[in-house]
Amino acid sequence: MTSAQNNDQRLLDRILEDQHRMLAPDKSRDDFFTFFAADKALQDWDLDNDEIMDGHR
């Protein structure tokens, strides 16, 4: 089961890296992760990136 967790972790890391590069390359990795988590948690509200970033500040 450890290898499955490792594969899942690698996949998640790759997704985060790709999204970070595309959406907010000027943000630190930690700030982007907070944005990414908020985006996923608030997806039912259909907020755009600027609205999420405004709520993060």
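**Salt bridges, a buried histidine and a nonpolar patch**

The structure holds three salt bridges. The model is a predicted one, and the fold behind these pairs is easily told: three helices and zero strands, which read along the sequence as α-α-α. Of the 57 residues in the protein, 16% are buried. The protein exposes about 4700 Å², and carbon and sulfur atoms supply 50% of that area.

Back to the charged pairs, starting with helix 1. Arg 14 pairs up with Asp 18 in a salt bridge, with 3.3 Å between the closest N and O atoms. Because these two sit four residues apart in helix 1, about one helical turn separates Arg 14 from Asp 18. Asp 18 has a second partner as well: its side chain meets that of Arg 21 in a salt bridge, again at 3.3 Å from N to O. Here the spacing along helix 1 is three residues, or about one turn of the helix. How open to the surface is Asp 18, buried, partly exposed or exposed? Asp 18 comes out as partly exposed, since its relative accessible area is 24%, and the cut-offs for that class are 20% and 50%. Arg 21, in contrast, reaches 54% relative accessibility and so counts as exposed. Through shared partners, the salt bridges join Arg 14, Asp 18 and Arg 21 into one network.

Another salt bridge links Lys 40 to Asp 39, with the closest N and O atoms 3.2 Å apart. Lys 40 is partly exposed, its relative accessible area being 40%.

Helix 1, which covers residues 2-23, is also home to His 20. What does His 20 touch, once neighbours within four places in sequence are left aside? The contacts are Pro 25, Lys 27, Ser 28, Arg 29 and Phe 32. Of these, Arg 29 and Phe 32 fall within the 29-41 range of helix 2. As for cover, His 20 has a relative accessible area of 17% and is therefore buried, the limit for that label being under 20%.

The loop between helix 2 (29-41) and helix 3 (49-56) deserves a look of its own. Asp 46 lies in this loop, and its backbone has a positive phi of about 55°, although Asp 46 is not a glycine. Is Asp 46 buried or exposed? With 68% relative accessibility, Asp 46 counts as exposed. Trp 45 lies in the loop between helix 2 and helix 3 too. Trp 45 is exposed as well, because its relative accessible area is 60%, and the exposed label calls for over 50%.

Which residues form the nonpolar patch on the surface? Leu 42, Trp 45 and Leu 47 make it up, and together they have about 300 Å² of accessible area. The loop thus brings together an exposed Trp 45 that belongs to this patch and an exposed Asp 46 with a positive phi.

Methods: Residues numbered from 1 in each chain as written. Predicted model: local features only at pLDDT ≥ 70, side-chain atom pairs only at ≥ 80, totals over all residues. Heavy atoms only, no water. Buried < 20%, exposed > 50% of the residue type's maximum accessible area, 1.4 Å probe, protein only. Contact = heavy atoms within 4.5 Å. Salt bridge = Lys/Arg side-chain N within 4 Å of Asp/Glu carboxyl O. Patch = residues over 30% accessible without salt bridge, like charges linked within 9 Å, V, L, I, M, F, W, Y side chains within 5 Å. Areas by Shrake-Rupley, 256 points an atom, 1.4 Å probe, with all protein chains shown as cover.
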